[in-house]
Amino acid sequence: MPAHVDEITLVGATETATANARIKGEHTSKTTCLPVLAFDTVVGLGNRVFGKPKDRAQAMAMFKALCGRTHEVVTAVYLNVNGKIIEKNEKTLVTFSAFDNNLVYNYVDSGEPFDKAGGYNIDDDAIKPLIVGVNGDYFNVVGLPVRLTEKLLEENLIYGEDGYSA
């Protein structure tokens with residue numbers, strides 16, 4: 001279930017994703033005694049952080065900045081199990097080809113970028129021609145670092161600290 005909270009932007013993708021995952025996790029933890037798993041994904045290029053574009057102009061500016069370069073996608077994972085907080089993150093490098101007017105304009109005009117970090121979903125067929133390289137966990141770019149999440153759940157829910165189920 002989505003946590004409806006105000007996200008923040010800090011200096012750096014890792015710092016921003018970690019803070020937002022924490023905000024979401026803490027908010028949700030107040031409403032349940034069950035384990036809470038929260039995520040936040042952002043795109044970083046140098047010190048710039050790209051969250052979800054608010055409008056067409058911002059989406060276009062993001063693509064102009066990202067095209068022809070390698071950027072990082074950071075997903076922070078927050079896990080609260082019985083008050084024990086675990087925070088980890090996964091980084092993946094993604095390289096875009098040069099800016100393609102028709103491709104980018106059509107993608108932005110489709111409305112797809114507006115609920116996605118960095119303005120794109122790596123699984124969208126319309127954007128795939130821009131992607132020339134992925135170095136790291138592909139599923140992290142989708143928004144869920146599967147291997148990291150499985151490891152955290154296994155270590156903290158399935159086996160627990162004492163080697164038995166939590």
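This is a short tour of a predicted model, stop by stop, with a note on what to select and what is there.

**Before starting**

Residues are numbered from 1 along each chain as its sequence is written, and side-chain values use heavy atoms, with hydrogens and water left out. Because the model is predicted, local features need pLDDT of at least 70 and side-chain atom pairs count only at pLDDT 80 or more, while totals for chains, interfaces and linings use all residues.

**Stop 1: the whole chain**

Colour the protein chain by pLDDT, the predictor's confidence in each residue, from 0 to 100. The chain averages 91, and 93% of the residues score at least 70. Strand 5 (residues 131–135) has the highest confidence, at 97, and helix 5 (residues 146–158) the lowest, at a mean of 89. Helices (H or I, at least four residues) and strands (E, at least two) are DSSP runs, numbered from the N terminus. Where pLDDT is low, the predicted coordinates should not be read in detail.

**Stop 2: strand 1 and its neighbours**

Select strand 1, residues 36–45. Eight of its 10 residues are buried, so strand 1 is largely enclosed by the rest of the structure. Buried means under 20% relative accessible area, exposed over 50%, and partly exposed in between (1.4 Å probe, protein chains only).

Next add strand 2, residues 48–50. Two strands pair if DSSP finds at least two bridges between them; strand 1 and strand 2 pair in the antiparallel sense over three bridges. Leu 45 has Arg 48 in strand 2 as its bridge partner. The hairpin of these two strands has two residues between them, and there Gly 46 takes a positive phi near 65°.

**Stop 3: strand 3**

Now select strand 3, residues 70–81. Of its 12 residues, 10 are buried, so strand 3 too is largely enclosed by the rest of the structure. Strand 1 and strand 3 run antiparallel and are joined by nine bridges. To see the register, pick Val 42, which stands opposite Val 74 in strand 3, and then Gly 44, which stands opposite Glu 72.

**Stop 4: strand 4 and the turn before it**

Add strand 4, residues 84–96, which pairs with strand 3 in the antiparallel sense over 12 bridges. His 71 has Val 94 in strand 4 as its bridge partner.

Then centre on Asn 82, in the loop between strand 3 and strand 4. What is the phi of Asn 82? It is near 55°, a positive value in a residue other than glycine. Most residues other than glycine have a negative phi. Asn 82 is exposed, with a relative accessible area of 69%.

Past the end of strand 4, pick Ser 97, in the loop between strand 4 and helix 3 (101–109). Ser 97 is partly exposed, with a relative accessible area of 22%. Arg 69 is 28 residues from Ser 97 in sequence and 7.2 Å away in space, C-alpha to C-alpha.

**Stop 5: helix 3 and helix 5**

Select helix 3 and look down its axis. Leu 103, Val 104, Tyr 107 and Val 108 are buried. These buried residues fall within an arc of 120°, so they line one face of the helix; the arc is that of the directions from the helix axis to the C-beta atoms. Asn 102 and Asn 106 are exposed on the face turned away from the buried side.

Do the same with helix 5, where the buried residues are Leu 148, Thr 149, Leu 152 and Asn 156. Their arc is 95°, so they too line one face of the helix. Arg 147 and Glu 150 are exposed on the other side.

**Stop 6: Gly 133**

Gly 133 is in strand 5. Its relative accessible area is 22%, partly exposed. Leu 93 is 40 residues from Gly 133 in sequence, with 7.9 Å between the C-alpha atoms.

**Stop 7: the largest pocket**

Finish by selecting Glu 7, Lys 24, Asp 40, Thr 41 and Lys 52, the closest to the centre of the largest pocket among its 43 lining residues. The pocket holds about 990 Å³ of space. On a 1 Å grid over the protein atoms alone, a pocket is an open set of points where a 1.4 Å probe fits, with protein on both sides within 12 Å along at least five of seven lines; lining residues have an atom within 4 Å of a point. The volume is the space filled by probe spheres set on the points, which are joined across faces, edges and corners.

Which strand gives the most to the lining? Strand 1 does, with eight residues.
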